[in-house]
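Welcome, and thanks for taking a look at this assembly with us. Please keep the viewer open while you read, so that you can find each part as it comes up.

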Amino acid sequence: MQVNEYKPKIVAFCCNWCSYAGADLAGSNRLAYPAEVKVIRVPCSCRVNPMFILRAFQRGADGVILCGCHPGDCHYTSGNYYTRRRMALLFSMLEYLGIEKERTRVEWVSAAEGAKFAATMNDFVATVKSLGENKRLEDLRCKR
Amino acid sequence: MQKITREALIEKAAALLSEGKVDRVLGWKSGEFSYDVTPAIFNNVEEMQKDFVYGDFSGANFSKYLVKETKKDGKVLIFLKPCDTYSFNQLLTEHRFDREKVYAVGIPCDGMIDENKIKQAVGDGILSIVSESETVKVETLYDGVKELNRADVFSERCLNCKSKKHVAYDELIGEDGLVLDSNRFDEVAKLEKMTADERFAFWQNELSRCIRCNACRDICPACTCEKCVFDNPNSGVENKAAANSFEEKMFHIIRAFHVAGRCTDCGECSRVCPQHIPLHLLNRKFIKDINTFYGDYQAGAEVGSRAPLVNYTKEDIEPSEAVNRGDE
Amino acid sequence: MQRIGVFVCWCGSNIAGTVDVQAVSDALGKEPGVVFSTNYQYMCSQAGQDMIKQAIKEHNLTGIVICSCSPRMHEATFRKTAAAAGINPYMVEIANIREQCSWIHKDMKEGTEKAIVLGRTAIAKVHLNTPLVPGESPVTKRALVIGGGIAGIQTALDIADAGFYVDIVEKKPTIGGKMAQLDKTFPTLDCAACILTPKMVDVAQHERIRIFSYSEVEHVSGFVGNFDVTIKKKARYVKEDVCTGCGLCTEKCPQKKVPNEFNLGMDNRRAIYIPFAQAVPKVATIDADYCTMLKTGKCGVCSKVCTAKAIDYTQKDEFIEEKYGAIVAATGFNPISMDKFDEFAYSQSKDVITSLEFERLMNAAGPTAGKLVRPSDGVHPHKIVFVQCVGSRCAACAEKGKEYCSKICCMYTAKHAMLTRDKYPDTDVTVFYIDVRTPGKQFDEFYRRAVEEYGVHYIKGMVGKVSPEGNKLIVQGSDLIANKQLKIEADLVVLAAAIEPDKSARPLATMLTASMDTNDFFTEAHPKLRPVESPTAGIFLSGACQGPKDIPETVSQAGAAAAKVIGLLSKDKLTGNPCVAHSDEMMCNGCSTCEKVCPYGAITYQDKEFRGPNRTTLIRRVAQVNEAVCQGCGCCTVACPSGAMDLKGFASKQIMAEVDAICK
């Protein structure tokens, strides 16, 4: 193993009802994904403020992924529909500012989709790894 | 030159004041230079005759001032140019002022002039600016009188005017115009066609000039929050200095996001930016995306409309599709 | 500053196998605010829980971090443990180091590192946790059922039988709804009246049920357990408690030319009327639009013939205010108007009728006393064509029809066809269909009988045009299986009109802040798991107002809604989820943005007085969250531009602290 292998920091926001349960299922089924992924539990994907995502980048995250119930399956009926609009606009804006669009992602993962959760995280980490460190949205003061 | 004169507006105000329909007037006041116009409250005709101005530099959108003005007693008269009426409606939609305490007079607009464009054209030492229907005569300390084409010194938002139609008023002076087919998204489209690196360089260059003076926020008719998140130590984004490039970017992304779907594209942010950052290009990006993704929406076109970000359809575009549109 | 205790669980070898639990508890013990840190084999065991309780007392802990399995597994357990030791249960945070760490990372070093980060993240959050107390609200033990069709009747009976008071509000003069108009019911062919009217009588006689007939809901405020409802009892100009229902007035009334809505206008009734013989309440009603006395002041026949002295021409609309703990919407459906379907000649020929009109024609109590005759000339029809899916599954013609399947038409058309052939073997019956959909107990068997035993001709294809020619109707349609165009000469054409929610549902939904779909059907709280509840707490859905349904389905859903209502009403107090939204009044703009995204209608606005500058007072519009209604999704917190809205338990600051801890 390489000594100084680049380990990206990945923040994954997961809604309590579907995606967090999906992540748990991935664990129960022992489906491995990189340890770089750290999950933050939120009641619904619609709880995730764009400010949290920018905050993560500021503090040194290299990728932020947001997981929620599939559209139509939101525990709160409509939360993920609002998430979808907010993130479509936010991500489009980040891309417009020249920030790599691969660093942000929204994925719908149901409580039954442990395999999808693991596969998504594997793919996302690999993508972010290939991009390298987040330079375009970093805040040097927050770097150690 | 504006077809409607200062005198006509004073006359209208005088009539409304004497009839007791209004108690004070929100209007433009002359500043040190003729192009330097500030908002002011006039309590009577005398005050108006002394300081009130209306002309090619009366671009300021006063809708926002109604938030504070209608908290006071009495009724206020406001003159609204077509583009101001959209902000007026948007504020009403958000219950930000008391409509009962406002008398709105719609006035036509023949396009406003950007004094910076004049300064660029003639250099320093401007003594006077006289605006005619097609030309602008500028007298400077060093070069005498120079004649400029009026259309060449129009402010950006007037070059791309979206509407000559008033969407709100109690009374209208002159003829109402039409909603126009503007090319206001061309600049955004141009940026979208660039590579990510080029875009990053473009915005880095623009936003790094930001001095966090908050003028864009303070003028913005959509930014009427009781307490702005950037002033709130509990918000996690409070920071009043442009400490580094992240800070600048975050400020402008959040500012634009907070007004997304509510921004009427009045262009005040760009007008007041002392660093001449084209902030309207951020707002317009959101407007363009909203129009493309969710169907045409003009904030403020009608009172009570449901903004795109507080709405949804089951078939909305996925964020991944939204960022990958350019890839085909 | 919090005094935090950290408890790292081994979960046997489940965690300890790939995470160095000692290293984790050592590392986390050094975090700021952590005064106690330990690890143990099974934290969830009694011994583990006792260890936590003891540590709380010994070290005066104010916050707890458990590094263990998923919070979905044992969060509730550890919250109870904390509460038992005297600290607020919401001062507990779980770091998921099993499902999201030890089970997926094989490398001990990697697993341990991640477990420490997850522990730190939970510690960062606990630092900002505040004690939360769930709100409590009392429950008014009375239910309101809006709509008195079979759905409302069944729901009301079930609730009342369980011991709770129920009021039914029905806008028509009688309960019974659509089912009262039907002739026979599929798939058993028992008569609708025979099974419905006993239930109507049960309702009328039930000591805990009140019927507000000829009434509408005027206003609703309040929230789950505590609704305040104003009911408008429309003036019927007959004293309900005096009228004996003898019906003499309805025979003597000189105004005979009033279209009888119960028979869909196929015959006439008087201006004073009882909709049908088994009406409940069996009380006469004066139709003010037609009553000569009310319009001109000259007549008064009914008053003269009424021996009970029940007629009161001066009666006014009455408004009744009542409190309810739960509200059930059972507003039902109607067939869509055939105005926009002129290709079927509905407006041109009396002999083109809808299926509901056909029900009345076949009904022994209907306008023809059950004799199947052509409405135009009273002649017995020898050839009938039924057209299915008129306005249903009509994606291409959304402006006149409905995109959805109306669900009941296949079955009732089979029923009509079968009944016709049974009663009149000389009548030839053809059915045009797109698909025949018969999923239901004994449903397909029923349809097969229509085809095989009763010789009904089923043709797959749509009718394009019906044109009246002489006393015949020329039906042009296509047979998709034979691939040919057909021209059939029919005596009677019956259209299976799509069904739509009753028009009263939309304004009612607004009053209830209950959400609706684009077709104006009420939306359920969860399409699979909570099908009889509205997302708005305390509002329940019964029958076709939620989506097209046949009678068996309606009755089972009505019972399910009743069970949910009973569950709610049997509680003395409602304990809320304390993780709810909360608005900071000082920062609120009153802009109504949060209200628009709230799926539960939990946010309202109030004009409140605040201190302004120089001893003035300012009136500001501010948002108020009803904690009993809020479900804690947090959508409003992001919609709020000023950040005035926050979510308890998942506050912005807490989430950002988690972000920071992860990215550190």
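The notes below go through a sheet, a helix pair, two chain contacts and a set of domains.

## The parallel sheet of chain C

Keep in mind from the start that this is a predicted model. A good place to begin is chain C, where four strands form an open sheet with parallel pairing, in the order β2-β1-β3-β4. Which strands stand at the edges? They are β2 (34-40) and β4 (92-96) of chain C; each has a single partner strand, so one side of each is left without a neighbour in the sheet. On average, and with direction ignored, neighbouring strands of this sheet are turned by 15° against each other.

For a closer view, pick strand β3 (residues 63-68) of chain C, which pairs with β4(C) in the parallel sense over five bridges. If you would like one residue pair to click on, Ile66(C) has Ile94(C) in β4(C) as its bridge partner. As general background, strands of a sheet pair through backbone hydrogen bonds, either parallel or antiparallel.

## Helices across the sheet

Two helices of chain C can be placed against these strands. Helix α1 (residues 21-29) of chain C lies across β1 (4-9), β2 and β3 of chain C, and runs at about 175° to β2(C). The other helix, α3(C), lies across β3 and β4 of chain C, running at about 150° to β4(C).

## A helix pair in chain C

Next, find helix α5 (residues 108-128) and helix α18 (residues 652-663), both of chain C. Their axes are 8 Å apart, and the two pack at an angle of about 155°. That angle makes α5(C) roughly antiparallel to α18(C). The crossing in which α5(C) passes α18(C) is right-handed.

Which residues meet here? From α5(C) come Val117(C), Arg120(C), Thr121(C), Ala124(C), Lys125(C), His127(C) and Leu128(C), and they meet Lys653(C), Gln654(C), Ala657(C), Glu658(C), Asp660(C), Ala661(C) and Ile662(C) in α18(C). By class, the residues of this contact are six nonpolar, three polar and five charged.

## Where chain C touches chain A

Helix α18 also turns up in a contact between chains. Chain C gives 38 residues and chain A gives 36 residues to their contact. On the side of chain C, at least two residues each are supplied by α3 (71-84), α4 (98-102), α5, α17 (635-639) and α18. Among these, α18(C) gives the most, with eight residues. The side of chain C that touches chain A divides into 19 nonpolar, 11 polar and eight charged residues.

## Where chain A touches chain B

Moving on to the next pair, 34 residues of chain A are in contact with 34 residues of chain B. The elements of chain A that give two or more residues to this side are α2 (50-58), α3 (79-96) and β4 (104-108). How many residues come from α3(A), which has the largest share? It gives 14 residues to the side of chain A that touches chain B. That side has 17 nonpolar, five polar and 12 charged residues.

## The domains of chain B

Finally, chain B is assigned domain 1 (1-114 + 160-182), domain 2 (116-149) and domain 3 (183-320). The C-alpha centres of domain 1 and domain 2 of chain B lie 26 Å apart. Their contact takes seven residues from domain 1 of chain B and nine residues from domain 2 of chain B. By class, the domain 1 side of this contact has three nonpolar, two polar and two charged residues.

Notes:
Residues numbered from 1 in each chain as written. Chains lettered and ligands numbered in written order. Predicted model: local features only at pLDDT ≥ 70, side-chain atom pairs only at ≥ 80, totals over all residues. Axes fitted to C-alpha atoms, helices over the stretch in contact; angles between N-to-C directions. Parallel < 35°, antiparallel > 145°, perpendicular 65-115°, else oblique. Left-handed = near helix turned anticlockwise from the far one by under 90°. Nonpolar A, V, L, I, M, F, W, Y, C, P; charged D, E, K, R; others polar. Domains from an automatic or database assignment. Pairing = 2+ DSSP bridges.
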